Amino acid sequence: MSDARIAVLISGGGRNLQALIDHQRAGHIEGDLVGVISNRADAGGLSRATAAAIPTEVIPHQQFAVREGFDRALADALRRHRPDIVVLAGFMRVLGAAFIEEFHGRLVNIHPSLLPKYPGLKTHERALAAGDAEHGASVHFVTPEVDGGPVVIQGRLSLRSDDTPQTLAERVMRDIEAKIYPQAVAWMARGALRLEGGRVSFDGKPLAQPLSMHDLEPAFQ
Ligand code: GRF
């Protein structure tokens, strides 16, 4: 299989994007980052992409009167990259069914909670408020149900008594997201991880439950 063509959608700082860039550069991902598209011109991730010589594009969602118009413009831009994998990396727009249908099986997202717990926003605040013992992040294939697609891999950590939403978000990003996301993309680029018939398959076998940090290959630990 020739190297996978990986496109990344962002809205913010791009720490997840940076983790992908670092691992791709280190040769841990059998693919090329072919483009970064943001819905916000002020996304910090755009400068990370430029520093890595990855083509960038901004499609401001405010320019479209209806969501479908933005989705169509985004799909047109993505199609030009001929992506095998489309990574949502801190992308904060809800995508419509037509868009998801076109990229179904190639489209993944990372969500900062142990799905199905806490879909939606403010996940760290909610875990702290609930007094959860554990929290973490989930990589999932994207379906029309927001944060509801089949989960591929999850990472978990113990909450600390002095955690704030900010310290928790930082630890989840540093210790979990920055590891499980590049690993998931590396598996997809190798063809080891697929969405088949709505189910996740790993190395040709249906995945009975999400993979965990214990499944990380050495390069991603
Ligand atoms: C990450 O915590 C991600 O899980 C969530 O938004 C944050 C994006 O961070 N979707 P960045 O833009 O990758 O720095």
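This text walks through the pockets, the ligand site and two unusual backbone spots of the structure. The model is predicted.

Start with the largest pocket. Its volume is about 850 Å³. The lining counts 35 residues. Nearest the centre lie Gly90, Phe91, Met92, Ile110 and Pro112. Several elements supply at least two lining residues each: helix H1 (15–25), strand E5 (107–111), helix H5 (123–130) and helix H6 (165–189). By class, the lining of the largest pocket holds 15 nonpolar, 14 polar and 6 charged residues. Glycine is counted as polar in this split.

Now place the ligand. The ligand sits in the largest pocket. H1 and H6 are the elements that give two or more residues to the shell around the ligand. Both helices also contribute at least two residues each to the lining of the largest pocket. The shell itself consists of Gly12, Gly13, Gly14, Arg15, Asn16, Gly90, Ile110, Pro112, Met173 and Glu177. Gly90, Ile110 and Pro112 in this shell are also among the residues that lie nearest the centre of the largest pocket. Sorted by class, the shell has 3 nonpolar, 5 polar and 2 charged residues.

Which atoms of the protein approach the oxygen atoms of the ligand? Arg15 places a polar side-chain atom 2.7 Å from a ligand oxygen. Glu177 does so too, with a polar side-chain atom 2.7 Å from an oxygen atom of the ligand. Asn16 uses its backbone instead: a polar backbone atom lies 3.0 Å from a ligand oxygen. How much of the ligand surface does the protein bury? Taken alone, the ligand exposes 360 Å², and the protein buries 86% of that.Next comes the second largest pocket. Its volume is about 180 Å³. Of its 13 lining residues, Asp84, Gly105, Met188, Leu193 and Arg194 are the closest to the centre. H6 appears here again: H6 and strand E8 (193–196) are the elements that give two or more residues to this lining. E8 gives the most, with 3 residues. The lining of the second largest pocket divides into 8 nonpolar, 2 polar and 3 charged residues.

Two backbone features remain. Most residues other than glycine have a negative phi, and most peptide bonds are trans. Leu115 and Pro116 are joined by a cis peptide bond, with omega about 10 degrees. Pro116 belongs to the loop between E5 and H5. E5 and H5 each supply at least two residues to the lining of the largest pocket. Ala53 is the other spot. Ala53 is not a glycine, yet its phi is positive, about 60 degrees. Ala53 lies in the loop between helix H2 (45–51) and strand E3 (56–58).

Key: Residues numbered from 1 in each chain as written. Predicted model: local features only at pLDDT ≥ 70, side-chain atom pairs only at ≥ 80, totals over all residues. Heavy atoms only, no water. 1 Å grid on protein atoms, 1.4 Å probe; cavity = no way out; pocket = protein on both sides within 12 Å on 5 of 7 lines; lining within 4 Å. Points joined across faces, edges and corners; volume = space filled by probe spheres on them. Helix = DSSP H or I, 4+ residues; strand = E, 2+ residues; numbered from the N terminus. Near = heavy atom within 4 Å. Polar contact = N/O pair within 3.5 Å; in protein donor to acceptor, adjacent residues only side chain to side chain. Areas by Shrake-Rupley, 256 points an atom, 1.4 Å probe, with all protein chains shown as cover. Sits in = over half its atoms within 2 Å of the grid points.
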